[in-house]
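Subject: Handover of a structure for your review

Dear colleague,

Please find below the structure that I am handing over to you. My notes on it follow directly after it.

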Amino acid sequence: EKYSPENGLAGYSVYCILKDRYGNLWFGTDNGLSRYDGKSFKNFRVEQGLSSNKITSALEVSAGNIWLGSKNGLSKFDGNHFTNFSVSSGLVDNNISCLLLDKYNHLWIGTSGGVSEFDGIEFKNYTVANGLKSNGITGMVQDKEQNIWFTTKGEGVFRYNGSAFISYSKTQGLPTNRTSCVVQESNSSYWIGTLGKGAVKYDGK
């Protein structure tokens, strides 16, 4: 069965899908956000309060609260209303690629211009100017030791241990520095997705 604007989906290109704790499916598209309850779609766009119609990432943090990354900033949906954040609010860059909630309930926002950490009150920003290895972030994950791993458009992978950034690139054995995503297995190994060179398994040592 196919879904498109012809039968209710907001757009033809889908960038992210989220299943919330109520069982609803959320689709971030090139023309707005769709919520599917198993029967029908409800669509949200700039007119309903979104920061942009191009939604690139979605993350549920508590019942009814969903964070949305877009090409024009960050939105929080509380089930009824959108609250938007942008560079003028303290965000490092408006072009968002990925979102992560860490073990301390801080929201990390990966963008094309660096990383922002949001504690619910203010943003703390990381760029190449203060230790980040690349401003072009493509993916993030937090490991069991609370380190945060970042994949990048052209500088490999790097790990943040809370005080410093440690790089993993072609010098350490990656087949390419163009990386897209990373996950940790239960045995502490990592799988890293690359752009053009397949996937890499790293033993974490």
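I begin with Ser 116, which touches Leu 91, Val 92, Leu 107, Trp 108, Ile 109, Phe 123, Lys 124 and Asn 125, leaving aside residues up to four places away in sequence. Please bear in mind that this is a predicted model. Ser 116 belongs to strand β11, which spans residues 114–118. Its relative accessible area is 0%, so Ser 116 counts as buried. With one of the residues it touches, Asn 125, there is also a polar contact from side chain to side chain, at 2.5 Å.

Aromatic residues

Phe 123, which is among the residues that Ser 116 touches, also takes part in the aromatic pairing. The structure holds 28 aromatic pairs. In one of them, the ring centres of Phe 85 and Phe 123 are 6.0 Å apart and the ring planes stand at 70°, so this pair is edge-to-face. The pair joins distant parts of the chain, since Phe 85 is in strand β8 (residues 82–85) and Phe 123 is in strand β12 (residues 123–126), 38 residues apart. Phe 85 and Phe 123 are both buried.

Trp 108, another residue that Ser 116 touches, is part of a cluster. Ring pairs connect Trp 108 with Tyr 126, Phe 150, Phe 158, Tyr 160 and Phe 165.

Strand β8 also contains Phe 82. Phe 82 is buried, with a relative accessible area of 13%. Residues up to four places away in sequence aside, Phe 82 touches Leu 33, Phe 44, Gln 48, Gly 49, Leu 50, Leu 68, Ser 75, Lys 76 and Phe 77. Of these contacts, Gln 48 may serve as an example: Phe 82 and Gln 48 are 34 residues apart in sequence, while their C-alpha atoms are 7.9 Å apart in space.

Strand pairing

Strand β2 (residues 25–29) has four of its five residues buried, so the strand is largely enclosed by the rest of the structure. It pairs with strand β1 (residues 14–19) in the antiparallel sense, over five bridges. β1 and β2 form a hairpin with five residues between them, and Gly 23 in the turn has a positive phi of about 95°. β2 also pairs with strand β3 (residues 32–36), again antiparallel and over five bridges. The hairpin formed by β2 and β3 has two residues between the strands.

Trp 26 in β2 can be used to follow both pairings. Leu 18 stands opposite Trp 26, and in β3 the bridge partner of Trp 26 is Arg 35.

Further along the chain, three strands form an open sheet with antiparallel pairing, in the order β17-β18-β19. Its edge strands are β17 (179–184) and β19 (199–202), each of which pairs on one side only. On average, and with direction ignored, neighbouring strands of this sheet are turned by 20° against each other. Strand β18 (residues 190–194) and β19 run antiparallel and are joined by four bridges. Trp 191 has Lys 201 in β19 as its bridge partner.

Cysteines

How many disulfides does the structure hold? It holds zero. A disulfide would need two cysteine sulfur atoms within 2.5 Å. The sulfur of Cys 16 is 11 Å from the closest cysteine sulfur, that of Cys 98, which is too far for a bond. For Cys 181, the closest cysteine sulfur is also in Cys 98, at 10 Å, and this too is too far for a bond. Cys 16 counts as buried at 12% relative accessibility, whereas Cys 181 counts as partly exposed at 41%.

Backbone angles in two loops

Two residues may deserve a look when you examine the backbone. Asn 105 has a phi near 65°, a positive value in a residue other than glycine. It lies in the loop between β9 (96–101) and β10 (107–111), and it is exposed, with a relative accessible area of 57%. Gln 146 has a positive phi of about 75°, although it is not a glycine. Gln 146 is placed in the loop between β13 (137–142) and β14 (148–152), and is partly exposed, with a relative accessible area of 31%.

With kind regards

Methods:
Residues are numbered from 1 along each chain as its sequence is written. This is a predicted model: local features need pLDDT of at least 70, side-chain atom pairs count only at pLDDT 80 or more; totals for chains, interfaces and linings use all residues. Side-chain values use heavy atoms; hydrogens and water are left out. Buried means under 20% relative accessible area, exposed over 50%, partly exposed in between (1.4 Å probe, protein chains only). Rings of Phe, Tyr and Trp (its six-membered ring) pair if their centres lie within 6.5 Å; planes under 30 degrees apart count as stacked, over 60 as edge-to-face and the rest as tilted. Two strands pair if DSSP finds at least two bridges between them. Axes are lines fitted to C-alpha atoms, for helices over the stretch in contact, and angles run from 0 to 180 degrees between N-to-C directions. A polar contact is a pair of N or O atoms within 3.5 Å; within protein, one must be able to donate a hydrogen and the other to accept it, and residues adjacent in sequence count only if both atoms are side-chain atoms. Contact means heavy atoms within 4.5 Å.
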